[in-house]
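Visitor: Could you take me through one part of this model up close? I'd like to hear about the aromatic rings and whatever sits around them.

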Amino acid sequence: MTSELAAQAARLIEARGLQLDEAQVRMLACLGDWLQARLRPSAWLRRPAAGAYLWGGVGRGKSLLLDALFQVAPLAKRRLHVHALLQDVQRRLLVHAGQADPLAQVADELAAEARLLFVDEFHVHDIGDAILLGRLLKPLFERDCILLLSSNYAPPALCPNPLYHSRFKPFAEVLQRRCLVLQMEAGIDYRCLGTQSWGRYLQQPASQLRRQLSHLPSVAHLPLQRRSLTLRGMDSRTLWLDFAALCQQPLASSDYLQLTERFAHFVIGELPALAHCSLDVQQRLINFVDIAYDSGRELWLQSEHDLATLCANVAHGDFVRTRSRLAQLHVNGPERLAC
């Protein structure tokens with residue numbers, strides 16, 4: 001029997017004109033049963049898992065299911081992309097610098113603000129970020145915070161860099177021990193079937209883009225937290241710059257978050273074939289696309305390569321998610337990117 005929370009979440013999804021497949025229906029029912037049991041007073045019963053960790057391939061509806069469940073959950077709650085959570089935690093740690101156990105104070109604040117915390121796209125590559133997120137898990141669970149986590153990785157595969165994997169392993173074990181860990185069944189990447197786009201892919205010379213955007217005021221530089229960003233143009237809504245300025249200097253996710261908070265439309269010109277870029281440059285593009293997509297921003301990309309060539313043979317493990325999202329861009333040529 002489907003829980004009332006799962007039924008409410010399903011109706012919310014259907015109201016958007018979406019039809020769940022069988023695997024998604026089963027997963028939503030399982031998650032709804034868990035959350036309903038988690039919210040029920042259970043002083044005399046074995047308590048359900050403290051959180052739920054849903055992982056699997058791209059475009060399978062993990063965020064869709066968790067977001068619907070999050071929306072119908074009747075308690076104080078907060079949704080954050082993993083990059084936004086890291087920035088928020090780091091900002092709070094600065095406030096508590098020099099005090100006893102500042103991370104515990106951050107956990108106190110987060111748990112007081114929301115009992116349910118949904119962290120979308122939980123993944124870690126930078127060891128500093130990985131350790132920070134890992135150390136935050138235990139105090140959040142101790143404060144009865146309910147975590148909803150989506151990821152492309154099973155907990156043991158988080159922080160895949162072999163140089164750092166062993167350091168994150170104890171925190172992955174906390175996730176496995178304290179969370180209901182569920183794998184989304186493989187299947188269709190629904191992003192590739194969608195008709196909606198969140199921007200444009202312009203296969204054309206850079207000179208043509210300059211003519212299209214000649215109305216934008218010319219602005220040479222935009223100051224960020226620790227760096228200055230070289231621009232092509234800017235107004236109150238649109239930021240136009242080259243790929244090299246966005247991804248070939250050491251910008252952080254916090255810089256990209258700052259940009260998406262200020263601008264609704266991004267135009268990125270002169271993209272090279274990404275397979276020829278370093279892993280660090282690929283990682284920055286992945287981070288930017290994640291943040292822009294999650295923020296609902298409009299993205300235009302310009303390159304002289306077609307989109308398939310741009311995305312071919314990229315070695316970074318997380319690029320499969322980015323490729324799925326780039327496939328949702330409207331292409332000004334005859335074909336969209338095949339999934």
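Guide: Start with Tyr293, which is partly exposed, with a relative accessible area of 25%. This is a predicted model, so keep that in mind as we go. The ring partner of Tyr293 is Trp198: the two centres are 5.1 Å apart and the planes sit at 85°, so the pair is edge-to-face. Planes over 60 degrees apart earn that label. Trp198 belongs to the loop between α8 (190–193) and β6 (199–203), while Tyr293 is in helix α12 (residues 279–294), so this pair ties together parts that are 95 residues apart in sequence. On the Trp198 side, relative accessibility is 13%, so Trp198 counts as buried.

Now for the helix that carries Tyr293. With 16 residues, α12 reaches 22 Å from its first C-alpha to its last, close to the 22 Å expected at 1.5 Å a residue. α12 is mostly covered, with twelve of its 16 residues buried. Among them are the hydrophobic-looking names you'd guess, including Val281, Leu285, Ile286, Phe288, Val289 and Ile291, but the buried list also takes in Gln282, Gln283, Arg284, Asn287 and Asp290. Just after α12, Gly296 has a positive phi of about 70°.

Phe288 is worth a second look. Ring pairs join it with Tyr256, Phe263 and Phe266 into a cluster, so α12 has a residue in that cluster as well as one in the Trp198 pair.

Stepping back, a search of the whole structure turns up seven aromatic pairs. Another of these is Phe168 with Phe171: their ring centres are 5.8 Å apart and their planes are at 55°, so this pair is tilted. Both residues lie in helix α7 (residues 165–178), three residues apart, or about one turn of the helix. An α-helix has 3.6 residues a turn, so residues three or four places apart point the same way. Phe168 has 1% relative accessibility and counts as buried; Phe171, at 17%, counts as buried too. The cut-off there is under 20%.

One last ring has a charge for company: Lys77 lies over the face of Phe70, at 5.5 Å from the ring centre.

Terms used
Residues numbered from 1 in each chain as written. Predicted model: local features only at pLDDT ≥ 70, side-chain atom pairs only at ≥ 80, totals over all residues. Heavy atoms only, no water. Phe/Tyr/Trp six-rings, centres within 6.5 Å; stacked < 30°, edge-to-face > 60°. Helix = DSSP H or I, 4+ residues; strand = E, 2+ residues; numbered from the N terminus. Buried < 20%, exposed > 50% of the residue type's maximum accessible area, 1.4 Å probe, protein only. Lys NZ or Arg CZ within 6 Å of the ring centre and 35° of its normal. Expected span 1.5 Å × (residues − 1).
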